[in-house]
Amino acid sequence: MLGFRNITRVNKNMVISRTPLNNSPHFSTKNFDNSRLPDNSVKPRQVKLLSTGKYLPKNQVTAQQLGQQLGIEAAWIEKKSGVKVRHFVQDETASQMGAMAATMALEAAGLALSDIDCIVCTSSVPEQSIPCTAALVQKQLGGESSGIPAFDINSTCLSFVVGLDTLSYLVDAGRYSRVLLVATEIALAVDWKDRETSTLFGDGAAAAIIGKTDPQEGSKIICSRQETYSQGADLSECLAGGNRYHPREYSDNIDRFLFKMQGRAIYRLASKILPGFLERLLQPAGLTLADIDLVIPHQASLMAMGLIRKGLNIPQEKWMVIAPNHGNTIAASIPMTLHEAIQQDKIHRGDRILLLGTSAGFSVGGIVLEY
């Protein structure tokens with residue numbers, strides 16, 4: 001497997017293209033005019049992370065318990081996924097979990113639901129096709145008649161990062177005063193025959209509230225960026241569930257309704273894009289990785305996360321990991337890790353935090369904020 005340490009720099013005028021070689025996915029670079037990409041604005045947004053919250057389902061499952069169900073050795077699961085404990089829903093729904101995490105965030109900020117003027121759900125998979133999950137979270141919070149606008153933003157595993165980025169502009173502009181962001185995930189469509197993928201995941205929810213920074217405070221969003229390379233769109237996908245295939249086809253084509261991921265190919269693509277992406281994210285703001293106090297990465301495969309960290313030369317003490325006792329909670333993983341970093345006193349007001357991840361598409365995204 002190709003490691004980051006074999007890559008010194010990705011040329012800023014190169015992108016990655018996918019070409020077949022011996023029936024395996026490989027990637028090569030080709031020239032691309034980066035001037036066609038939108039420039040990353042480096043004007044700081046006076047937006048503050050007010051509070052966070054988290055909810056884990058009642059059903060806690062160890063690697064040993066999961067191994068017994070799947071006929072796999074627990075040691076194999078722990079080695080391949082790095083996950084020793086994860087949580088699966090017992091009788092909770094996504095909107096119920098989201099409301100529980102949101103309630104914790106509201107209590108931490110000393111706010112009531114009436115103090116929120118926008119609710120955004122940033123999950124990869126909705127609770128149901130219609131209506132949006134944010135509306136269901138609002139209902140679970142007892143806000144049925146509140147009139148608070150509620151809508152979803154979906155960029156799969158990067159949904160929270162994209163939601164935070166998008167809504168921060170609206171808060172900074174004064175459109176909203178306080179926004180509740182909720183990411184709630186149930187890994188329902190996992191293909192349990194795919195051992196390497198299925199053993200990564202766990203369920204759960206996280207929430208965050210953002211508001212305008214007070215004039216005397218230094219909290220802000222410094223810079224952000226997202227890039228999408230759709231030649232990797234088929235590396236992580238669930239074909240059905242939208243309008244491509246009719247639900248009546250489920251019984252005859254169950255595989256179309258299950259999540260499929262080519263983990264090793266995703267790692268190879270990420271390993272080529274991320275070094276250059278980070279330069280394009282940080283350099284316009286006059287920053288380097290040395291200026292970052294803590295990195296909050298998407299909690300994907302622990303093995304891949306370790307290779308990424310080493311390849312980017314990020315010290316282990318600056319790399320926040322919760323996957324061993326949470327699993328990959330998809331779009332909830334970044335805000336959940338952020339919540340844990342705050343609870344464990346890993347970050348303090350004034351620290352520079354990098355939220356960093358990848359998602360289906362194939363996309364990479366990041367935000368640097370001063371907490």
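These are my notebook entries on what I looked up in a predicted model of a protein chain.

**Entry 1, the whole chain.** I began with the overall counts, and the protein chain comes to nine helices and 15 strands. Of its 371 residues, 52% are buried. I then looked up the accessible surface, which comes to about 16,900 Å², with 49% of it belonging to carbon and sulfur atoms. Taking the contacts between residues at least 6 apart in sequence, I noted that 75% join residues at least 24 apart.

**Entry 2, strand S15.** I turned next to strand S15, residues 363-370, where eight of the eight residues are buried. In a regular strand the side chains alternate between the two faces of the sheet. I therefore listed the two sides of S15 separately, and both are covered: Ser363, Gly365, Ile367 and Leu369 are buried on one side, and Val364, Gly366, Val368 and Glu370 are buried on the other. Which strands pair with S15? Strand S10, residues 220-228, runs antiparallel to S15 and is joined to it by eight bridges, while strand S14, residues 352-359, also pairs with S15 in the antiparallel sense over eight bridges. Ile367 served as my reference point within S15, since I found Ser224 to be its bridge partner and Leu355 to stand opposite it. S14 and S15 form a hairpin with three residues between them, and Gly361 in that turn has a positive phi of about 150 degrees.

**Entry 3, the nonpolar cores.** I looked up the largest nonpolar core, which has 36 residues, and Leu355 is among those with the most contacts inside it, together with Leu164, Leu167, Val179, Ile210 and Ile296. Helix H5, residues 159-173, gives the most to this core, with six residues. Why does this core lie between domain 1 and domain 2? Domain 1 (47-212) and domain 2 (220-370) both give residues to it, so I recorded the core as lying between them. Leu355 has contacts that include Phe160, Val161, Leu164, Ile296, Ile334 and Leu338, when neighbours within four places in sequence are left aside. I also noted a second, separate core of 29 residues, which includes Cys223, Leu274, Phe277 and Ala304.

**Entry 4, Val120.** Val120 has its place in strand S6, residues 118-121, and it counts as buried because its relative accessibility is 0%, where the cut-off is under 20%. Beyond its neighbours within four places in sequence, I found Val120 in contact with Ala134, Phe151, Ile153, Leu167, Val179, Leu180, Leu181 and Val182. Val137 is 17 residues away from Val120 in sequence, and the C-alpha to C-alpha separation of the two is 9.3 Å.

**Entry 5, helix H9 and His326.** Helix H9 spans residues 333-343, and ten of its eleven residues are buried, so I recorded the helix as largely enclosed by the rest of the structure. Among those buried residues are Ile334, Met336, Leu338 and Glu340. H9 is followed by Asp345, which has a positive phi near 60 degrees. Is His326, in the loop between helix H8 (302-311) and H9, buried or exposed? His326 is buried, with a relative accessible area of 4%. Its side chain reaches the backbone oxygen of Ile322 at 3.1 Å. Not counting residues up to four places away in sequence, His326 touches Met336 and Glu340, as well as Lys54, Leu56, Val85, Arg86 and Gly202.

Note on methods: Residues are numbered from 1 along each chain as its sequence is written. This is a predicted model: local features need pLDDT of at least 70, side-chain atom pairs count only at pLDDT 80 or more; totals for chains, interfaces and linings use all residues. Side-chain values use heavy atoms; hydrogens and water are left out. Buried means under 20% relative accessible area, exposed over 50%, partly exposed in between (1.4 Å probe, protein chains only). Two strands pair if DSSP finds at least two bridges between them. Contact means heavy atoms within 4.5 Å. A polar contact is a pair of N or O atoms within 3.5 Å; within protein, one must be able to donate a hydrogen and the other to accept it, and residues adjacent in sequence count only if both atoms are side-chain atoms. A nonpolar core is a set of buried Ala, Val, Leu, Ile, Met, Phe, Trp, Tyr and Cys residues joined through side-chain atoms within 4.5 Å. Domain bounds come from an automatic or database domain assignment. Accessible areas come from the Shrake-Rupley method with a 1.4 Å probe; for residues, only the protein chains shown count as cover.
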